[in-house]
Amino acid sequence: MTNTPDLEYTITRVLDAPRETVFQAWTEPERFSRWFGPRGFTTPVSLITIDLRPGGEWSACLVSPEGAKAPLSGVYREITAPERLVFTTGDPDNQEGAVASVATVTLTDLGGRTEMRFTQEGYNTDEAHAEAAKAGWLQFFDRLAEHLA
């Protein structure tokens, strides 16, 4: 695996919900479970941990329609409610636990709607894996928009 720390991308979405509600969707297990994961997957509340403080860990286990589990986890680096979250993400294929990337979620109040800007950077992975991660997040955010609508 080639370490490409300069890989970065940003996804911007305007969501039909107040900023506080979008922040809660990222930080409350009951809400997080409704959208976190690709289409067809579930993320049971019982398999989500959110320790919302700098240095606190987050984890979620995606369950495929066939029952296969894909654990994801990381550590919160910065929390500024309700406008910003910065957290690490691990690579589920990397059993050494190396940080795969840092994600930054910035929420801007648009008067009842919210602009969500998601940036992921600093991969400990290759470009193909990074593209697959981006495709996954796009599905996650489609589900988030549906959950908030």
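Two residues are taken to be in contact when heavy atoms of theirs come within 4.5 Å. On that footing, in this predicted model, 51% of the contacts between residues at least 6 apart in the sequence of the protein chain join residues at least 24 apart.

As for the overall layout, the protein chain is built from 3 helices and 7 strands. Going along the sequence, these elements come in the order β-α-α-β-β-β-β-β-β-α. The chain runs to 149 residues, and 41% of them count as buried. Its accessible surface adds up to about 7,500 Å², with 48% of that belonging to carbon and sulfur atoms.

Now to the helices. Helix 1 takes in residues 19-27 and helix 3 residues 127-148, and the two pack with their axes 11 Å apart at an angle of about 125°. That angle falls outside the 65 to 115 degrees that would count as roughly perpendicular and is not over 145, the mark for roughly antiparallel, so helix 1 and helix 3 are oblique to each other. Their crossing is right-handed. On the helix 1 side, the residues that meet helix 3 are Thr21, Val22, Ala25 and Trp26. Helix 3 brings Trp137, Phe141, Leu144, His147 and Leu148 to this contact. Sorted by type, the residues of the contact come out as 7 nonpolar and 2 polar, with no charged ones.

Turning to the strands, two residues give a feel for the surroundings there. Thr104 sits in strand 6, which spans residues 99-109. With a relative accessible area of 12%, Thr104 is under the 20% cut-off, and therefore counts as buried. Setting aside neighbours within four places in sequence, Thr104 has contacts with Arg84, Leu85 and Val86, and also with Arg117, Phe118 and Thr119.

Ser73 belongs to strand 4, made up of residues 69-80. Its relative accessible area is 38%, so Ser73 is partly exposed, a class that lies between the 20% and 50% limits. Once residues up to four places away in sequence are left out, Ser73 touches Trp58 and Ser59, along with Thr88, Thr89 and Gly90. One of these partners, Thr89, is 16 residues from Ser73 in sequence, yet the C-alpha atoms of Ser73 and Thr89 are 5.8 Å apart in space.

How values were computed. Residues are numbered from 1 along each chain as its sequence is written. This is a predicted model: local features need pLDDT of at least 70, side-chain atom pairs count only at pLDDT 80 or more; totals for chains, interfaces and linings use all residues. Side-chain values use heavy atoms; hydrogens and water are left out. Helices (H or I, at least four residues) and strands (E, at least two) are DSSP runs, numbered from the N terminus. Buried means under 20% relative accessible area, exposed over 50%, partly exposed in between (1.4 Å probe, protein chains only). Accessible areas come from the Shrake-Rupley method with a 1.4 Å probe; for residues, only the protein chains shown count as cover. Axes are lines fitted to C-alpha atoms, for helices over the stretch in contact, and angles run from 0 to 180 degrees between N-to-C directions. Angles under 35 degrees count as roughly parallel, over 145 as roughly antiparallel, 65 to 115 as roughly perpendicular and the rest as oblique. A crossing is left-handed if the near helix is turned anticlockwise from the far one by less than a right angle, and right-handed if clockwise. Ala, Val, Leu, Ile, Met, Phe, Trp, Tyr, Cys and Pro count as nonpolar, Asp, Glu, Lys and Arg as charged, and the others, Gly among them, as polar.
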